[in-house]
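Reader: I should be grateful for a close look at a single part of this model. Please describe how that part is assembled and what surrounds it.

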Amino acid sequence: MNDFHTRVARLNDVLCAVNALSWDARTMMPKGGAETRGHQIATLKGIAREMILAPGMHDAVDAALETTADRDPRDLDRRAAEAVAAAIDHHSRIPADLLRAQAEQSTLSGAAWAEARATSDFAIFRPYLERTVALAREQADALGHDGHPYDPMVRIFEPGETAASLSTFFATLRDGLLPILDAARGRAQPRTDFLYRDYPEACQQAFALETARLLGLDADRSRLDSTVHPFEISLTRNDVRITSRWARTYLPMSIFGSIHETGHALYELGADPRLTRGAHATDMIGLYAVAGTSFGMHESQSRLLENHVGRSPAFWARHFARLRDTFPDQFADVTEAEFVASVNRVEPGLVRVEADELTYDLHIMLRVEIEMALMDGSLAVADIPSVWNAAMQRDLGLQVPDDGLGCLQDVHWSSGYIGSFPTYTIGNVTAAQIMAHLDATTPAVREGLDRGETTALRDALFDLVWRHGRSRSRAEMLEGIGAVANDPQAYLRYLKGKFAAASDPAGS
Ligand code: ZN
């Protein structure tokens, strides 16, 4: 096993160096460094690929598989050997030419998308997206599938899911969501004027950092910095970076964005130290997260903290005074109840990242529907705007004025990511399943939350999710709490309790 562990640890070092360079590129690097940095990251990823596909690694994995074959299926070394074997299989299927073509394409496509979005001109982006989809279909064929070409793409982000499993899941969720949305839309809109006042960035940052620390973001093992697009990235479990953005005239963005990223960070920080330099710490398939078992499980941790904790009245019963002290003038005429109501309002909008809790998943479903159809060839890129606009009208009753606020709003497709969108909704649903389980089994968690306290919640999440890192799948962790992956019932009950009840002040 020694050779195996040494090889994987060295590979892990290279991948963590990629993350360090990526963090710097997105956070600190001056614009002029972009081209060189692109080469540096490509070189390191190439080295990682060579290390994965080296004959020595192949032999080491075979030996590790043999040594651990009789052990419990959940034995850490056995899991590690299987994970690396799967990574070797994945990478050996993708031709180097295709990888190169995709890397080049994402650079060109990113620039075209930025221009298309700024001018709301889909025609500029269209040929680039056509090429991206063609390359994605080539990748799907190289990876192999026996059903839908979307399957191997989704697997990169959310192992265990397929086009078929997701179609059933989203159909059930949609049927449950629409009546709740109908009920919520009948409700009077709360006051929101104060959210758009002038909020100096430094004060927002100070408030966000203090909140993150109170929620458990370890000061010795993490940082919070500023970027246009918030994200979380890990260099090791002892060095986890998050970023947030400070919209000067819209306060909720920084508060809930920071709580969201803190949720991602706590997951990484909570990984069992035994998993940090071994195979489990390395995401060799996608070169993304360090510790999380899947994108959907990661998102469940961020959405749980953001929505179940951060938007709750009990949380603000504890933190509102601190907010008002930070912004005394802006909050001079605002009550705690008004603030809580404003950040929980339901207001269908055009933009996903600004969507409320109840309409968010409808934005996701539209993107997934389009991705699947692009992959199986039933939708042409040229027809995306019309499909998009029709769906916004159908689901949210909104007219899309231009493609910048429509199908050009997200960065994902321009970076070549096809198959990641489902994980946002999987995160929402999984978060509700975990909270339902904790409510049923661990009353200390809710008692703590009712006091604005998250210690018991953190202990429970550490035990159920964080410490396992990538050594258990999302389905296995859910099975451990008696839940089934993709069962939206707990989520629908949560949304109904929160939004449908509030829509009817008379109570029924
Ligand atoms: Zn997230």
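Author: Two strands pair if DSSP finds at least two bridges between them; strands (E, at least two residues) and helices (H or I, at least four) are DSSP runs numbered from the N terminus. The model is predicted, so that local features need pLDDT of at least 70 and side-chain atom pairs count only at pLDDT 80 or more, while totals for chains, interfaces and linings use all residues. Residues are numbered from 1 along each chain as its sequence is written, and side-chain values use heavy atoms, with hydrogens and water left out.

The part chosen here is the sheet. It is open, contains 3 strands in the order β1-β3-β2, and has mixed pairing. The edges are formed by β1 (222-226) and β2 (232-236), each of which pairs on one side only. From one strand to the next, the twist averages 20°.

The two pairings may be taken in turn. Between β1 and β3 the sense is parallel, and the pair is held over 5 bridges. In this pairing, Ser226 stands opposite Ser244, a residue of β3. Strand β3 comprises residues 239-244, and 4 bridges join it to β2, the two strands running antiparallel. Here Thr236 is placed opposite Asp239 of β3. The link between β2 and β3 is a hairpin, which joins them through 2 residues. The mixed pairing of the sheet thus comprises the parallel pair of β1 with β3 and the antiparallel pair of β2 with β3.

Two helices pack on this sheet. Helix α1 (residues 2-27) touches β1, β2 and β3 (contact: heavy atoms within 4.5 Å). The direction of α1 makes about 140° with that of β2, where axes are lines fitted to C-alpha atoms, for helices over the stretch in contact, and angles run from 0 to 180 degrees between N-to-C directions. Helix α10 (residues 252-269) packs on the sheet as well, touching β2 and β3. Its direction makes about 165° with that of β3.

Strand β3 therefore merits a separate remark on accessibility: it is mostly covered, with 5 of its 6 residues buried (under 20% relative accessible area, against over 50% for exposed and partly exposed in between; 1.4 Å probe, protein chains only). This covered strand pairs with β1 and with β2, and it is touched by α1 and by α10.
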